[in-house]
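Reader: I would like to understand how the descriptive terms used for a model such as this one are arrived at. Could you show me the structure and then take my questions in turn?

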Amino acid sequence: MSELLNLPWHEAKTAATARELVDASLCAIDERNPALNAFLHVARDAAGGMPVAVKDNIVTTGMPTTCASRILGSFVSPFDATAVARLRQSGCSIVGKTNLDEFAMGSSTEHSAFGTARNPWDPTRVPGGSSGGSAVAVAARMVPAALGSETGGSVRQPAALCGVVGLKPTYGRISRNGLVAFGSSVDQIGILTKTVRECAELLGVIAGPDPLDSTSSFAPVDDYAADLDAGIRGLRFGVVREAVSQLEGEVRANFDDALAVLRGAGAVIEEVSVPTIGYAIAVYYIVANAEASANLSRFDGIRYGHRSARAKTIREVYFESRGEGFGDEVKRRIMLGTFALSSGYYDAYYGRAQAVRARLRADFDAAFARFDYLLTPTTPEAAFAIGAKTDDPLAMYLSDIFTAPANLVGIPAIAVPSGFWRGKLPLSLQIMGPRFSERALFRAASAFERETGYWRELPPVCT
Amino acid sequence: MKIDRDEAKRIAGLAHLEFDDAGLDRMAGEMTKILSYIDQLREVDVAGFDSGSSAEATPLRDDVPRPSVDRAAVASNAPAFSADGHFIVPKVIGE
Amino acid sequence: MTWEAVIGLEVHAHLSTDTKIFCACATAFGAPPNTQVCPVCLGYPGALPVLNRRAVELAIRAALATGCTIHERSVFARKNYFYPDLPKGYQISQFDRPLATGGSIGNVRILRIHMEEDAGKSIHHGEVSHVDLNRAGTPLVEIVSEPDIRSAEEADAYVTRLRQILMYTEVCDGNMEEGSLRCDANVSVRRTGASLGTRAEIKNLNSFRYLRSAIDFEIARQIAILESGGTITQETRLYDPASGETRTMRSKEEAHDYRYFPDPDLLPLVVDRAWIDEIARSVPELPQVRAERYQRDFALSGKDAEALVTSRPLADYFEATVESSGNARGAANWVRNEVLRVLNEQKLDLAGYRVTPGKLGRLIRLIDSGAIGGKAAKEVFDDMSASGHDPEQIVERKGLGQISDPAVIREAARRVIERNAVQVEQYRAGKAQLFGFLVGQLMKETRGKANAEMANAILRELLG
């Protein structure tokens, strides 16, 4: 039954009824999730349709939203995120909410208050984060598609570590209404699937302007799957010099192999410099955390969520509820963000970070003037062991070194499986494009996928 | 940029986060480390680049009322809600 | 070497929109608690703000009516602080890029006008506070004056004029009991000619009486402290109506660090010239200008003119009465004295008042044409107020018409003179006091209806 979910969606839906497909998904979840902890909530009453999992920082009616935090308590949202509503309207069935780093703050899912998720290729290793649960759900073939969210790479990086496709669309392409805010000027909902086609089709369902999100874009929604077979002959790909120069060993070799595949398909590949790209992590950690420090102020135990049982004064309601409800990583980021905005430091930190961000945007614009796409590996390394980086926040942050730039400048980027490290842990190629070039992005990703077919390999848990 | 315990305490106060002394010290240490990484931003030449005010304009909405959330839903999510429909908190002193 | 008070006022005015500033919840006053709320104004996770166009329009109108410069690009910023009636833990306001700057009311300059959202309401109940978020998200303009005010009276005058302008332009309903208009006062004192003293802020002065009392108290308090060698603490204070004193707010010791930054959920507010001009055309004639026009065109006194422009409906009523009566001074008298009296006594609203400008105007015409006398006119007016009938109908029904035809009065006077020959003889011989008797006879002859002035004049003429 669960082999149905190994098929690309356009095949699966002709092979079974909507009800059978949801049942297959629920069955796979029952079988595989206990060891992987990808799901925080399973909707046993899910209707028939295309089974989709939703990261638990995207609100859904009729089931809890926890953001993998204690501070949400037993909160149930009275409204669906716009992306969720559009999925439902198109006949998808929300089968569950997936695990994440608390409030999407992390790169491994280890910062979940409900235990980490595990990489289906090697359960002693992290699936990446923050959308680790969604990546596992797709990689372990429990669902054909999952929504995640991106602030610094949180869809692409776990997609890379789990061997699935992960898309971060252009900022404003998908409505943020219902995505619990982290870094509002960078946040986007992202899509994880096993194949490029499935990703392109789902983007068409949920993309588009939303009157409930002032930052959503009126750029026309494209036919994203139209160019999947168009090939990449003659198209220009720029390898980001500053990213590649640090690579070594198997990751370097894998990346070079990927370039060879693209060349073989007719791509024109050259190096290009994006001089300020090395500063992206620093910019990201000021801007996103500053915005987050304000976005998380609403969690105070007054209108919803956890209120400390020890709180007797209003001050205690705030301090104790937030003290008990937030995990360490979240507190760390709130502290950093608060500091960056505080009197006397705003110009030197938040102001400066935004200025560097503007410069980074200009560097990317210059690169896209000469190239259709930019290339890097998605991550500097394959999945690391659970616990390996939790004592070193900065080391954890550096996992986002190739992904964060796209978030900051608002461009779309896609991660596609590019092979395996030591034959067993997935590696991934990242393709970036200019704003609203998703259709072209899918074209390139599809060409690479066609030549390599890594999505056909299944993690041990599926076989 | 070095963060000491006092500075950590001030920031924690602004953020309404509770830490004991050990927690403050740990936070101070971690922030110091992270901020020293972030301080490399000072090297970047940003002449001519400001916070990048977007060229776009915020969309405007028609002044037409829509139904509110059902108060029962508000009550069910609230940690403390009175029979007459208020959120309850311990007495707020002053303003 | 006298003391001088230096006062600046921040006035928060609710904009008269149907929905809140960033969500489509209704703003009607008086709904049961927490029934006009949604994920946005509740601060629920995932909810986002979307700006109300009409709120922007009204804010622009307020800025134009106070002579401010409108900035075509302004930015919303988050003002971060924690309070139970502030659901998001920040207020969306404007900081360094406000909507408008640089206006004035009288000789008080306006520093800036910006848009922001209101917080909810907390009500204290012994050991707990109850929070109602119906008001959270109501659109506000904050109007900040320069510290050009020098006394409680000047503060009152400034707020009176500002409120009047906001009501005239239908930006705000000015209802202070319902909290539509709230004032914070920044007060300091200095020796004349010295530099600015340390100021204290007094928050939430919600009536003119409290505004004046609080400022008077605060000035005296600060002078007393300085004269005894102390210093003023820069702080926020509250006014206690029961004692008539201001006292320190017992909140956190540290000064607020609001950590303002541009709200990333909203793009900049852009208002183009064409829209501003369109709104400018919809700004009605302001009270000051209108009063001056009345003095000029209708020869009214300053006091009369000011009384007639206190509200726009009243001024409209007055002008419509001028139109229908053809007599500006007459209209001014009747509106100022009689109409206002009835409205006050009976607690009526001008909108539903039975005496329309048309009817009042026709009453005045009846008086001016001599068809009825002064006393009868009052009777007709009172009847109109109660019944709403036309003046002509009432005059007819009650037989209040007076005779103003000189020929008829002359005829009657001749008959009176014939019939009272003895008295006439005596009057002509020098008994002046008999005139009153003869006038009385003439009034009887005409059954009291003779136009008194005319009767007097004609009788005098015929008696010689």
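Reader: How many residues of chain C are in contact with chain A, and how many residues of chain A are on the other side?

Author: In this predicted model, 29 residues of chain C are in contact with 38 residues of chain A, where contact requires heavy atoms within 4.5 Å. Chain C and chain A bury about 2600 Å² between them, with 61% of that area on carbon and sulfur atoms. Of the area that chain C buries against chain A, 23% is supplied by C:Pro45, C:Leu48 and C:Phe82, more than by any other three residues.

Reader: What makes the pair of C:Asp265 and A:Arg176 a salt bridge?

Author: The closest N and O atoms of C:Asp265 and A:Arg176 are 2.9 Å apart, and the rule asks for a side-chain nitrogen of Lys or Arg within 4 Å of a carboxyl oxygen of Asp or Glu, so the pair of C:Asp265 and A:Arg176 qualifies as a salt bridge. Across the interface of chain C and chain A the rule finds 1 salt bridge.

Reader: Which residues make up the contact between chain B and chain A in number, and how many salt bridges are counted there?

Author: Chain B gives 48 residues to the contact and chain A gives 54, while the area buried between chain B and chain A is about 4500 Å², of which carbon and sulfur atoms give 70%. B:Tyr37, B:Leu41 and B:Asn77 supply 14% of the area that chain B buries against chain A, more than any other three residues. The count between chain B and chain A is 4 salt bridges, and A:Arg332 forms a salt bridge with B:Glu30, the closest N and O atoms being 2.4 Å apart.

Reader: Why is helix 11 of chain A called roughly perpendicular to helix 1 of chain B?

Author: Helix 11 (residues 328–341) of chain A packs against helix 1 (residues 5–15) of chain B at an angle of about 95 degrees, and their axes are 9 Å apart. Angles of 65 to 115 degrees count as roughly perpendicular, and helix 11 of chain A is therefore roughly perpendicular to helix 1 of chain B. In this contact A:Ile334, A:Met335, A:Thr338 and A:Phe339 of helix 11 of chain A meet B:Glu7, B:Ala8, B:Ile11, B:Ala12, B:Leu14 and B:Ala15 of helix 1 of chain B, which by class gives 8 nonpolar, 1 polar and 1 charged residues.

Reader: What makes helix 9 of chain A oblique to helix 12 of chain A?

Author: The axes of helix 9 (residues 280–295) of chain A and helix 12 (residues 347–370) of chain A come within 9 Å and cross at roughly 125 degrees. Since that angle falls in none of the ranges for roughly parallel, antiparallel or perpendicular, helix 9 of chain A is oblique to helix 12 of chain A. The crossing of these two helices is left-handed, and by class their contact has 10 nonpolar, 1 polar and 2 charged residues.

Reader: Why are helix 3 and helix 4 of chain C described as roughly antiparallel?

Author: Helix 3 (residues 152–168) of chain C and helix 4 (residues 208–227) of chain C pack at an angle of about 150 degrees, with their axes 9 Å apart. Angles over 145 degrees count as roughly antiparallel, and helix 3 of chain C and helix 4 of chain C are therefore roughly antiparallel to each other. Their crossing is right-handed, and the residues of the contact divide into 6 nonpolar, 1 polar and 4 charged.

Reader: What parts of chain A does the salt bridge of A:Arg44 with A:Asp30 tie together?

Author: The closest N and O atoms of A:Arg44 and A:Asp30 are 2.8 Å apart. A:Arg44 lies in the loop between strand 1 (39–42) and strand 2 (50–55) of chain A, and A:Asp30 lies in helix 2 (residues 18–36) of chain A, so the pair ties together parts that are 14 residues apart in sequence. Over all chains, the structure holds 77 salt bridges.

Reader: How do you know that the peptide bond from A:Gly129 to A:Ser130 is cis, and what is the phi of A:Thr109?

Author: The peptide bond from A:Gly129 to A:Ser130 has omega near 10 degrees and is cis. A:Ser130 is found in the loop between strand 3 (92–98) and helix 4 (132–139) of chain A, and A:Thr109 is also found in the loop between strand 3 and helix 4 of chain A. A:Thr109 has a positive phi of about 75 degrees although it is not a glycine. Most residues other than glycine have a negative phi, and most peptide bonds are trans.

Note on methods:
Residues numbered from 1 in each chain as written. Chains lettered and ligands numbered in written order. Predicted model: local features only at pLDDT ≥ 70, side-chain atom pairs only at ≥ 80, totals over all residues. Heavy atoms only, no water. Axes fitted to C-alpha atoms, helices over the stretch in contact; angles between N-to-C directions. Helix = DSSP H or I, 4+ residues; strand = E, 2+ residues; numbered from the N terminus. Parallel < 35°, antiparallel > 145°, perpendicular 65-115°, else oblique. Left-handed = near helix turned anticlockwise from the far one by under 90°. Nonpolar A, V, L, I, M, F, W, Y, C, P; charged D, E, K, R; others polar. Buried area = accessible area lost by both parts, 1.4 Å probe.
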